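Good morning, and thank you for coming. I should like to take a few minutes to introduce a structure that is new to most of this group.

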Amino acid sequence: MNILVFVKTNPDLQMIRIKDRQPVMEAIPYKVGDLEKNAVEAAIQLRDAAGGGTITAVCLAEANRRAKETLKEVLAMGADEAVLVTEPALEVADQAAVALVLAKAAEKTGYDLLLFGEGSTDNYTGQVGPRVAEILGVPQIGYARKITGTEGGVQVERSMDEHIEVLEAPFPVAVTVVSEINEPRIPSLMNIMKAGKKPLAEYSLADLGLDATSVVAQKAILSNLAEEQDRKHIMFDGDPAAQAEAFVNALLKEGVLGR
Amino acid sequence: MAQILVYSEKPAAARELVFKAKELGAALGLGVVAAALGEGAAGTAAGLGEYGADRVYVSEDSAFAGLPVDVVAEALAQVARAAGAEYLLVSSTRRGKELAPRVAQKLGAACVTDVNSLTLEDGVLVAGRYALGGATVALEKLDTQTKVFAIMPKTFEIGAPTAGAGEVFAPALSLQPSAVKLVDRRPKEGESVNLDAAERIVGVGRGFGKREDVALGEQLAAALEAELACTKGLADFQWLPEERIIGLSGAKTKPDLYVAVGISGQIQHTVGVSSSKLIAAINTDKDAPIFQLADYGIVGDLYQVVPALVEKLKGL
């Protein structure tokens, strides 16, 4: 069983501050996305339950993102091999371009199961998994909260808006996971040491039969600002009883109380 | 004539999108068509016509059983090509969000998901969506010939049906059954917290000193007939379940009233409440960032203010 798990390096959103409506991105640390870690953990559990198989972590290096460290971390968690695609043109790649590169890397590596987070923790577009599946012509199952190996395939329990669905598919198949699927392991010091010795292949776009023209962005972000807030800023003074009275009167006047 | 094609597996969402598409189509000089696919499609089709679709493509092909995303995407791509669709509007439900990029990929289209605003600027459709975990709103435009937008349900107001029934059309689709088989489908169970739909929410944060004190927040929520929610910090203590987290790691809500109690107002929490109609805050620290976001603020000790509020509300 060949499992490919796709990982992305995300900005640590807990560290983002807003100044004059602009997100302050300088000095923001990058880390493996939480959902990607769930996908890696799911891969490890599947491989170990099957008693064999290879997990290859695939990552695309974007500007200033510590892609190699990201791959080392998932190798330390338990992935067997890693593939890193590096190319300056990818700094501006949109989801379609990222998907094309990842799909080509998947073809080169070979796969039975493709695992993704349901979205990246930063922008959560959820586009890359379905697009990779379409390019490769494999069916997809989104929002897995449980994956069980079957003879030549998987059974997936997935969490939809109002329902739980159980689906079965033979390999090859693409699956995206939600956070409730598992608690990703924290690598031991020993495994962190070992991770450096695991195979890591580096590809350029040319190695994948692509060039800069294949990854031109087809969409533009016109602005990316914090929402403007127009609030009343009315403060109630006095002792708690007076504050409570003024507050409740204000709510009554606003008509927001449920009576 | 180029068209706007609308599809959602949820009839109400499809009607909302058709209604919006009619407005956009009038401005852009485009017609509106819709697709209704799978079991019961014929029944939904008439409604879509009444809300503005000139033509509804209807198929109850057996390949749609369980609505496998690869088959639905293929069908929509075939309909889009047949109709000459320039824009596809689908709902950003979980099903729609995995469908949109796949159909976009088939059509060589750019796509934007989780759209919560759609405006026309100089003849170009500009889509808004939260980015960076909700800290910002990204405005995006798509540069491909065909453009796919997955839109959050209830983004647009829907008016009364005005049009006639619309033309119902059975397209000749060429579909292969999916390799994915639906084995079981059951409603979600467990604690039913629906913060997304709550009209009033009381949020509690680290201003509460110990687990038992969260009962004060519960009392206030009960008095306001509100849902109780919390910051991630409080859920990390396991004082409340994760389902009640609001913010980056939890729900994005838009209630009529949000009351933040003992919450300082870090962006990681406030992204989940910034769309509230009214925000009120109770905090001991007059410089807490939450007050910058508040319509009504009380600087004070929550252990005194909350009981006074509960008493006042009970007396109404």
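I shall describe the two chains in turn and then the places where they meet. Please bear in mind throughout that this is a predicted model.

Let me begin with chain B. Its 316 residues are 58% buried, and its secondary structure consists of eight helices and 16 strands. Measured out along the principal axes, the C-alpha trace of chain B spans about 70 × 50 × 35 Å. How is chain B divided? Domain 1 covers residues 3-169, and domain 2 covers residues 195-314. The centres of these two domains of chain B, taken over C-alpha atoms, are separated by 36 Å. If we consider the contacts in chain B between residues at least 6 apart in sequence, 63% of them join residues at least 24 apart.

I turn now to chain A. Here we find six helices and 15 strands. Of the 259 residues in chain A, 46% are buried. The box filled by the C-alpha atoms of chain A, again along the principal axes, is roughly 70 × 40 × 40 Å. For chain A, 72% of the contacts between residues at least 6 apart in sequence join residues at least 24 apart.

We come next to the interface. How many residues of each chain are in contact with the other? The contact involves 69 residues of chain B and 68 residues of chain A. On the chain B side, the largest share comes from helix 4, residues 94-107, which contributes eight residues. By class, that side of chain B has 36 nonpolar, 21 charged and 12 polar residues.

The chains also pair through their strands. Consider an open sheet of four strands, antiparallel in its pairing, with the order 14(A)-8(B)-7(B)-6(B). Its edge strands are strand 14 of chain A, residues 219-225, and strand 6 of chain B, residues 117-121, each pairing on one side only. From one strand to the next, the twist averages 30°.

Within this sheet, the link between the chains is the antiparallel pairing of strand 14 of chain A with strand 8 of chain B, residues 136-142, over six bridges. One bridge there joins A:Lys219 to B:Leu142.

Another pairing between the chains runs in the parallel sense: strand 15 of chain A, residues 234-236, and strand 16 of chain B, residues 296-299, are joined over three bridges. In this case, A:Phe236 stands opposite B:Ile298.

Thank you for your attention.

Notes
Residues are numbered from 1 along each chain as its sequence is written. Chains are lettered from A and ligands numbered from 1 in the order in which they are written. This is a predicted model: local features need pLDDT of at least 70, side-chain atom pairs count only at pLDDT 80 or more; totals for chains, interfaces and linings use all residues. Helices (H or I, at least four residues) and strands (E, at least two) are DSSP runs, numbered from the N terminus. A residue is buried if 20 or more other C-beta atoms lie within 10 Å of its own, exposed if 12 or fewer, and partly exposed in between; C-beta atoms are placed from the backbone. Two residues are in contact if their C-beta atoms, placed from the backbone, lie within 7 Å. Domain bounds come from an automatic or database domain assignment. Ala, Val, Leu, Ile, Met, Phe, Trp, Tyr, Cys and Pro count as nonpolar, Asp, Glu, Lys and Arg as charged, and the others, Gly among them, as polar. Two strands pair if DSSP finds at least two bridges between them. Axes are lines fitted to C-alpha atoms, for helices over the stretch in contact, and angles run from 0 to 180 degrees between N-to-C directions.
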